[in-house]
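Reader: I should like to work through some features of a protein model and learn how each is to be read. Could we begin once the model is in view?

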Amino acid sequence: MRILLKNKIGFLLFLMLVISITNLIVIFYFQTLQKNDSYIINLSGRQRMRTQRITKYAIAIGTGNTNERVRLVKDIERYDSAFKELKDKKNISLRKIYAEDNLYNQIFSKNKLLWETFKENAEIVVKENIDTPSFKNALKFIYDHSDALLSTNDELTNYYEQMSERKNSIMMIALCVMTGLDLMVFIIGIIGINTLINPIKNLYKAAINISKGQYFQKIPIPRFNDEIYDLAIVFNDMSINLYNTIISEEFLNNIINTTPDMLFVFSENRIIRLANISTYQCLGYSQKELIGKSIDILFEEGQGVHLSKSILENGSYNLETDMIIKSGEKVSVLCSFSKMKDKHKGSVEIVCIAKDITEQKSYESDLRKLSAAVEQSLSAIVITDKTGKIEFVNQKFTENTGYTLTEVKGKTPRILKSGVHNEAFYKELWETIIAGKEFRSDICNKKKDGSLVWEFMSISPIKDSKGIITHFIAVKIDDTERKKAEERLKFLALYDALTGLPNRVLFEDRLNQAITYGKRTNQKFGIMFLDLDKFKNINDTLGHNIGDLLLQEVALRLNQCLRESDTVSRMGGDEFQILLSNTGGQADPALVAEKIINSLGKPFLLDGNECFIGVSIGICLFPESGEEVETLLKNADLAMYQVKERGRNSYQFYDPLMDAANMERIRLENDIRGAVENKEFILFYQPQIELKTGKIIGAESLIRWKHKEFGLISPAKFIPVAEEIGMINKIGDWVFEEACTQCKQWYDAGFKDINISVNLSSKQFLQKDFVTKLKDTIEKTSVDANRIDIELTEGGIMNDIEHSINMMNEIKKFGIKISVDDFGTGYSSLLYLKRFPIDILKIDQGFIRNSTTDSSDAVITSTIINMAHSLNFKVIAEGVEIVDQLELLRTFNCDAIQGYIFSKPLTAENFRKLLEDEEGHTLNFADLL
């Protein structure tokens with residue numbers, strides 16, 4: 001039966017309208033049923049509350065509160081009114097559906113009967129006197145039956161609520177049914193719409209495909225006989241007719257144009273008639289530029305004529321040649337020519353299929369280059385089949401291993417196995433590459449001659465187009481040198497590079513082990529801290545190379561003095577530490593210390609130089625001197641410093657009293673840091689006397705520390721500490737400025753010929769800005785620079801001779817004099833001494849002290865004075881204390897003296913008094929004789 005499309009749509013819309021109207025009617029009906037439900041339930045609930053209030057008011061009246069009778073009357077009336085309203089079925093919409101419900105009748109009758117009795121008694125309570133028996137009986141009834149009335153009210157309320165819930169359930173069922181009908185209509189509508197839309201969508205897709213040139217289209221015929229059914233039949237007929245019209249030409253063109261190779265047809269007179277798309281793309285010509293042109297534009301001159309003639313004679317012709325593209329470049333092609341005769345026209349045409357082999361040629365060239373690169377690669381390359389059998393190795397492999405390709409072909413890389421790696425290593429290797437992943441690792445292989453070589457190896461699987469592993473390629477770089485460097489780094493991490501001894505890290509690790517073992521077994525051991533004496537002098541005078549040779553020789557001698565179970569370590573510089581295992585007490589370490597002192601006390605012959613050193617050794621024992629690494633090392637270090645302070649080249653066991661000395665030193669360090677700011681330093685001045693005239697010509701400034709607790713402290717005690725903690729420069733700057741200020745004050749007071757000499761630390765002298773500081777201080781204090789004399793120690797200026805000469809020349813430029821203090825105690829060379837721009841030599845008091853009793857010291861003193869005068873230096877003798885020394889120096893023609901024979905160091909005030917006392921007379925040395 002044929003149903004029109006508009007009728008189907010109209011029926012569907014009508015059905016949806018009917019369902020919607022039905023939904024509205026059902027909802028309206030149930031809303032009407034439930035209109036008064038909440039009111040009735042609330043009314044029933046208030047009855048319960050009134051019951052409670054009636055009971056409460058009755059009891060209140062019974063207790064004498066008669067004022068409550070008015071309220072009681074009102075609540076009885078209200079209860080009765082509400083009861084009548086509930087009883088009236090016409091106003092109780094709640095019961096419209098269940099008007100004949102027996103349960104409701106039972107509950108209501110029970111409530112009615114109980115209320116009527118309850119009401120009668122309540123009215124008695126209202127009317128009667130509280131003392132009457134009837135009142136009391138009525139009150140007792142109310143009290144006894146209030147709970148029963150409450151219970152019937154609750155039952156009635158619950159019943160009303162249940163009835164309301166039933167109607168809700170019925171309404172929900174009705175709504176679900178209606179929703180189901182709606183859903184069914186919706187589904188019917190969806191199915192109907194899809195029935196209509198799907199054929200239209202098919203028509204749309206088929207039309208799009210035809211617009212794209214896909215002419216053969218056939219859509220399914222709908223099941224229903226309507227307008228769309230007719231449209232589908234007509235469309236299919238139209239598609240078939242269109243396809244039949246154009247398929248032949250299109251099929252042929254598709255075959256030609258989908259051919260990836262160039263295909264063109266030319267006539268026997270070489271005119272191009274037809275070409276496919278690949279021809280245009282490869283040659284760069286458009287259809288207009290190529291069709292109708294001669295093939296001569298595509299080949300070298302004369303080649304087109306030759307080709308045409310050969311094809312016409314033989315029927316076909318194949319060759320590899322070059323074709324010229326539009327840009328003038330050449331492409332390599334493989335051409336196949338065939339003669340074709342048109343039966344209808346009787347003409348002959350030639351078909352050419354040309355394959356562009358430019359990439360193939362390039363690939364072959366790249367392959368040759370790759371082969372050459374592999375063969376000449378700096379990396380060893382090995383190619384194996386998937387079972388691991390070697391198929392190819394390059395020349396570098398042969399150089400690295402000694403094996404040629406002939407020797408290893410068909411074998412596995414196991415011939416290189418060195419035994420260094422375990423089976424787990426090779427198992428991981430194979431599992432990785434078989435899984436198609438790259439394996440990278442350092443590997444140690446064995447060469448043909450049996451020697452070992454370390455290589456960094458990368459093995460990768462080679463897969464075919466389907467992803468199946470066919471071969472493996474290994475690229476290996478000789479890594480032996482890096483491995484050696486790595487081992488060297490590991491060595492340097494634990495050993496000293498210069499001596500080969502364990503370093504601090506390894507020593508402390510062994511010390512930790514010894515402590516752990518000692519605590520477990522109660523075994524004792526010793527720690528020795530060694531510092532070489534006079535090593536710095538050798539390093540400074542003979543050079544660092546000799547110093548390094550000395551340290552290496554010291555390491556050898558120390559090992560010779562120890563057992564194999566002991567450990568000697570270099571901490572750095574000239575410091576060594578020794579771990580003595582299993583010592584019974586002090587006897588064993590003392591014996592070892594004496595052995596070391598004797599061994600190192602023997603001369604060292606180093607590169608033609610004979611050197612002598614000493615060694616200071618501090619010793620502590622475990623567990624007596626500590627049970628922790630830090631404690632043991634600290635205590636051994638303390639003991640070593642005690643040796644240094646007591647003369648060096650000896651040994652000392654740790655004593656707890658050293659901690660007190662160490663704490664005193666720490667306090668001294670802390671106090672020094674604040675001494676400058678707190679103005680605790682003062683200068684004393686020791687007069688310098690000219691021997692010829694007996695006049696005071698100057699003073700040496702000498703620093704003293706006026707400690708707030710310990711009084712005056714000698715510089716011999718705090719200057720070394722200040723140098724160690726880096727405070728000497730700050731102190732030295734203060735001394736120089738204070739001395740310049742004092743010199744200016746004496747000059748302004750009329751003492752214009754007085755010079756002041758200032759001692760400088762060698763560390764202060766090595767400062768980069770030292771000369772600038774001197775100049776700034778001279779300008780700041782306005783002192784005459786010619787009255788200032790800087791005293792430098794002999795050892796200080798010999799540390800870096802060229803630097804010292806340059807520095808002294810800079811100082812001399814602005815007038816300051818320069819003295820060499822303690823001359824004769826250092827390592828001065830006359831060759832350098834004459835180069836130094838100095839003014840004064842000060843002979844060390846050590847020579848002066850023994851000059852009258854020791855002829856050698858007298859000769860040295862005389863020689864120094866004569867040598868200085870020959871170099872135009874003045875000479876001042878220090879530490880002159882007795883007349884015989886004075887007479888001897890005058891005999892040697894010394895220029896000036898200073899010492900206790902004339903005066904001890906004085907404060908600035910006392911020194912000025914001395915200058916004032918000297919006015920008008922000179923020192924008569926005869927008075928001293």
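Author: The turns below take up a sheet, a helix residue, aromatic pairs, charges over rings and cysteines. Please keep in mind that this is a predicted model.

Reader: Let us start with the sheet that contains strand 7 and strand 6. In what order do its strands lie?

Author: Strands of a sheet pair through backbone hydrogen bonds, in either a parallel or an antiparallel sense. Here the order is 7-6-10-9-8, in an open sheet of 5 strands with antiparallel pairing. Strand 7 and strand 8 (439–446) are the edge strands, each pairing on one side only. From one strand to the next, the twist averages 30°.

Reader: How many bridges join strand 6 and strand 7?

Author: Strand 6 (residues 380–385) and strand 7 (residues 390–393) are joined antiparallel by 3 bridges. Thr384 has Ile390 of strand 7 as its bridge partner, and Val382 stands opposite Val393 in strand 7.

Reader: Which residue of this hairpin takes a positive phi?

Author: That residue is Gly388, with a phi near 100°, in the hairpin that has 4 residues between strand 6 and strand 7.

Reader: Which strands does helix 13 lie across?

Author: Helix 13 (residues 423–434) crosses strand 8, strand 9 (452–463) and strand 10 (469–478). Relative to strand 8, helix 13 runs at about 135°.

Reader: Turning to a single residue, is Asn400 buried or exposed?

Author: Asn400, found in helix 11 (residues 395–401), is buried, with a relative accessible area of 9%. Apart from neighbours within four places in sequence, Asn400 is in contact with Ala380, Lys447, Glu455 and Asp478.

Reader: I turn next to the aromatic residues. How many aromatic pairs does the model contain?

Author: The count comes to 17 aromatic pairs. One of them joins Tyr651 and Phe653 in an edge-to-face arrangement, at 6.2 Å centre to centre and with 85° between the planes. Tyr651 is partly exposed at 24% relative accessibility, whereas Phe653 is buried at 11%.

Reader: Why is the pair of Trp705 and Phe718 called edge-to-face?

Author: Ring planes over 60 degrees apart count as edge-to-face. The planes of Trp705 and Phe718 stand at 80°, with ring centres 5.6 Å apart, so this pair is edge-to-face. The pair links distant parts of the chain, 13 residues apart: Trp705 belongs to strand 19 (residues 696–707) and Phe718 to helix 21 (residues 715–725). Trp705 is buried, with a relative accessible area of 0%, and Phe718 is also buried, at 0%.

Reader: Which residues do ring pairs link into a cluster with Trp705 and Phe718?

Author: Ring pairs link Phe681 and Trp734 with Trp705 and Phe718 into a cluster.

Reader: A ring may also have a charged side chain over its face. Where does Arg557 lie?

Author: Arg557 lies over the face of Phe604, 3.5 Å from the ring centre. A further case is Lys752, which lies over the face of Tyr747 at 4.0 Å from the ring centre.

Reader: Finally, how many disulfides are counted?

Author: A disulfide is a covalent bond between the sulfur atoms of two cysteines. In this model the count is 0 disulfides. As for the surroundings of individual cysteines, Cys561 is buried, with a relative accessible area of 8%. Cys620 is likewise buried, with a relative accessible area of 1%.

Conventions
Residues are numbered from 1 along each chain as its sequence is written. This is a predicted model: local features need pLDDT of at least 70, side-chain atom pairs count only at pLDDT 80 or more; totals for chains, interfaces and linings use all residues. Side-chain values use heavy atoms; hydrogens and water are left out. A disulfide is a pair of cysteine sulfur atoms within 2.5 Å. Buried means under 20% relative accessible area, exposed over 50%, partly exposed in between (1.4 Å probe, protein chains only). Two strands pair if DSSP finds at least two bridges between them. Helices (H or I, at least four residues) and strands (E, at least two) are DSSP runs, numbered from the N terminus. Rings of Phe, Tyr and Trp (its six-membered ring) pair if their centres lie within 6.5 Å; planes under 30 degrees apart count as stacked, over 60 as edge-to-face and the rest as tilted. A charge sits over a ring if NZ of Lys or CZ of Arg is within 6 Å of the ring centre and within 35 degrees of the ring normal. Axes are lines fitted to C-alpha atoms, for helices over the stretch in contact, and angles run from 0 to 180 degrees between N-to-C directions. Contact means heavy atoms within 4.5 Å.
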